Amino acid sequence: MTPVESRRLRYFVAVAEELSFVRASQRLHIAPPALSRAISELEAHLGVKLFDRSSRHVALTEAGSALLPDVRRALQDLDAATSRIQRLGGPERRLTVAYKSDMDGGLLQQIGDVLANEQPAASVEALLGGWGEQPEQLRQGLADVALLYEPFDQEGLAFELLIEEPRLVALPTAHPLAGRDVVSLSQLEEEFAPTPGPYVWQVRTPDGVGTLPRIRDISHLLQLVELGEIIAMLPASVAVRFLRDPIRYRPVKELAPARLFVAWPREPEAAEVASFVRAAKKVAGVETDVETPGGVDIEVSALASIAAQHGTSASGSRT
């Protein structure tokens, strides 16, 4: 069997999503008879019926329903590959890095400096996104690499751990737990309930918990902490960037560390992507004897900065 044209597959997806040849033709900017003919040709090529259709009704057959997710993935991969080759194949080889603002572990600038020395012909561009958007940006070809904390959607991605660092709970200054050296998860669970975002918890009320507002960015999240509506468990590298009087950061017993990864599409891997990954690992000290920004070093420096801001010693005792 000869390969199917991607154009016909796009037509199939449009009809499957609209369940109307008229609406799909408007979306594709072609005439309805031409679209109907292309779908019939696709069905003949595949030897299966994809749609049950009449003048008033269009529905996917069982075969059409089974084919749709595979076609979507194939077209997404094709579009992503096209976007990547346009960025990396031109005279100015542009590498796009996806990350959430202030959630790069403090590494991105250093990675860019190392990469500029090793690959002077390549330029690095930042693609800022919201919580959890980076994996999809990679799969869609909008970005070439990403810096992101777990948990994240790993489908279709290769990734390597860069650093581990402690998570600190952000509490309103007036909250009784803010005066403790260390808090426990059980103490937090008495007053707060986890949300779908695993490191943002809401205040418990007699009626349960309310609807969590859409959190735009770190500043908005900390405003909600100040108001006493939520608490947040943030990586120490983020906490030191957002020291403010109405908030106290405290270590939490039994809380898993924050783990920052570099991720990229599993296949294919461009030379610029491999160079970025090597630079990221070099900065993080993953494969060298260089003192790493993660682990104990970041814990000591982060807690010392927080302690100085909040009038405590690095161990947490009041000075």
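# A tour from salt bridges to cores

Start by selecting Glu5 and Arg7, which form a salt bridge whose closest N and O atoms are 2.7 Å apart. The model is a predicted one. Colour these two residues by accessibility: Glu5 is partly exposed, with a relative accessible area of 41%, and Arg7 is also partly exposed, at 37%.

Next, select Glu18 and Arg23. Their side chains meet in a salt bridge of 3.6 Å, N to O. Glu18 counts as partly exposed at 23% relative accessibility, and Arg23 is partly exposed at 42%. Now add Glu17, Arg27 and Arg72 to the selection. Together with Glu18 and Arg23, these residues are linked in a network of salt bridges.

Move on to helix H6, residues 134–139. Show the side chains of Arg139 and Glu136, which meet in a salt bridge at 3.2 Å, N to O. The two residues are three apart in this helix, so about one helical turn separates them. Is Arg139 buried or exposed? Arg139 is buried, with a relative accessible area of 14%, whereas Glu136 counts as partly exposed at 30%. How many salt bridges does the structure hold? There are 18.

Now turn to the aromatic rings. A search of the whole structure finds five aromatic pairs. For one of them, select Phe159 and Phe261: the ring centres are 5.8 Å apart and the planes stand at 80°, so the pair is edge-to-face. Phe159 lies in strand E6 (residues 157–165) and Phe261 in strand E13 (residues 258–265), so the pair ties together parts that are 102 residues apart in sequence. Phe261 is buried, with a relative accessible area of 6%, while Phe159 is partly exposed at 30%. Then select Phe12, Phe21 and Phe51, which ring pairs link into a cluster.

Two further rings have a charge over them. Select Lys100 and Trp131: the charged end of Lys100 sits over the ring of Trp131, 4.9 Å from its centre. Then select Arg167 and Tyr199, where the charged end of Arg167 sits over the Tyr199 ring, 3.6 Å from its centre.

For the interior, select Leu221, Leu222, Tyr249 and Phe276. In the largest nonpolar core, which has 44 residues, these four touch the most other members. Which helix gives the most to this core? Helix H10, residues 271–284, does, with seven residues. Stay with Leu222 and display its surroundings. Leaving aside neighbours within four places in sequence, Leu222 is in contact with Ala170, Leu234, Phe242, Arg244, Ile247 and Tyr249. Another core lies apart from the largest one; it has 19 residues, among them Val15, Phe21, Val58 and Val71. Phe21 is also a member of the ring cluster visited earlier.

Finally, show the whole chain as a cartoon. Eleven helices and 13 strands make up its list of elements. Of its 319 residues, 44% count as buried. Switch to the surface: the accessible area comes to about 16200 Å², and 52% of that belongs to carbon and sulfur atoms. Among contacts between residues at least 6 apart in sequence, 68% join residues at least 24 apart. The pair of Phe159 and Phe261, joining parts 102 residues apart in sequence, is a place to return to with this in mind.

How values were computed:
Residues are numbered from 1 along each chain as its sequence is written. This is a predicted model: local features need pLDDT of at least 70, side-chain atom pairs count only at pLDDT 80 or more; totals for chains, interfaces and linings use all residues. Side-chain values use heavy atoms; hydrogens and water are left out. Helices (H or I, at least four residues) and strands (E, at least two) are DSSP runs, numbered from the N terminus. Buried means under 20% relative accessible area, exposed over 50%, partly exposed in between (1.4 Å probe, protein chains only). Contact means heavy atoms within 4.5 Å. Accessible areas come from the Shrake-Rupley method with a 1.4 Å probe; for residues, only the protein chains shown count as cover. A nonpolar core is a set of buried Ala, Val, Leu, Ile, Met, Phe, Trp, Tyr and Cys residues joined through side-chain atoms within 4.5 Å. A salt bridge is a side-chain nitrogen of Lys or Arg within 4 Å of a carboxyl oxygen of Asp or Glu. Rings of Phe, Tyr and Trp (its six-membered ring) pair if their centres lie within 6.5 Å; planes under 30 degrees apart count as stacked, over 60 as edge-to-face and the rest as tilted. A charge sits over a ring if NZ of Lys or CZ of Arg is within 6 Å of the ring centre and within 35 degrees of the ring normal.
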